[in-house]
Amino acid sequence: GSIIHMLPLRAMEGCLARRAHMWTNEEESRVYWRLPVSKTDSQALGCVREWGCTCPSDTQTQGCPYHVARDHLRYLDVRFSGWDPAELPLFPQGSGEEVRSETQVKLVEELARRSGEDTITKEGNNRYGKHSWRATGAVFFMLIGMEIIKIMMLARWSSPVITHYARLAPLKNLADDFKRRIVDRDALGKGASKASTKRRLAREEVDIVRVSALLSKQVTAMKE
C-alpha cells in the first residue's frame, strides 16, 4: 500500500502492474516503476517514476518507499520463483492472480477502521473508493509542504485536478506557515538592522578620520 500511496497510483494501475515493471538500484538505494501515461489506458506504459531511500539514518524505517519495494520484490522473487516477471502481478494474490480493484478498496477501508476512521460519510456514502490511494497520497504530500508542481509530476497529473483531491489540505498548515514567515521576517529585519548599523559605524569612522586629518593640518599651519 505504501508504494502505491507514495507515487500515487490509481487502484487499477496497481492491479495491472507486473513484476517486470518495477526494479531497484541497491547501490544508489532507489526504486523505479514504469507507469502508464494515460488514465484511460492503464497498460499504455510510457514513463518511469522513482523514489530514493527516505530513511533519516542508516537504520531502515517503516514506510520508506525504497526499502518497502526492495523487500517486496525479494519476496516475489522467492515466492513466485518460477513465474515470468512479465506475467506475474506486482501485487498478486497467494495464487499468483492479480488483486481486483474492489479488493484494494476493501483494504483501504480496513486500514481506515484500524486507524479509527469512519468509512461512511454523514450522508451515508462510502468515504473511500478506487482513487483513495491517489487522493491520500496527494493530501499527505501537500501536508508536508511538497510543491504542487512536484506532486503533479509524480502522480502524472496534467491538470489542476490535484486541487480537488487535496481540497483544504494546504490550509491545515496555515498557522505553521504564518509563524514561520513571521520568524523569517523578524530575522530579516534584524539582519537589515545589523547591516544598517555597520554602515552607520563605517560612515562615522570615515568622518573621524577626516576630522583628524583636518585638525592635523590646522595644527601644522599654526606651528608655521
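Q: Axes are lines fitted to C-alpha atoms, for helices over the stretch in contact, and angles run from 0 to 180 degrees between N-to-C directions; how, then, do the axes of α5 and α6 lie to each other?
A: In this predicted model, where local features need pLDDT of at least 70 and side-chain atom pairs count only at 80 or more, totals for chains, interfaces and linings use all residues. Residues are numbered from 1 along each chain as its sequence is written, and side-chain values use heavy atoms, leaving out hydrogens and water. The two axes come within 10 Å and cross at roughly 150°.

Q: Why is α5 called roughly antiparallel to α6?
A: Angles over 145 degrees count as roughly antiparallel, and the crossing is at roughly 150°, so α5 is roughly antiparallel to α6.

Q: Which residues of α5 and α6 meet?
A: With contact meaning heavy atoms within 4.5 Å, Arg 134, Ala 138, Phe 141 and Met 142 of α5 meet Ile 148, Ile 151, Leu 154 and Ala 155 of α6. These residues divide into 7 nonpolar, no polar and 1 charged, where Ala, Ile, Leu, Met and Phe are among those counted as nonpolar and Arg among the charged.

Q: What makes a set of residues a nonpolar core?
A: Its members are buried (under 20% relative accessible area, 1.4 Å probe, protein chains only) and are Ala, Val, Leu, Ile, Met, Phe, Trp, Tyr or Cys joined through side-chain atoms within 4.5 Å. The largest such core has 34 residues, and Trp 51 is one of those touching the most other members. Both α5 (132–143) and α6 (148–155) are among the elements giving two or more residues to this core. Leaving aside residues up to four places away in sequence, Trp 51 touches residues including Phe 141 and Leu 154.

Conventions
Buried < 20%, exposed > 50% of the residue type's maximum accessible area, 1.4 Å probe, protein only. Helix = DSSP H or I, 4+ residues; strand = E, 2+ residues; numbered from the N terminus. Parallel < 35°, antiparallel > 145°, perpendicular 65-115°, else oblique.
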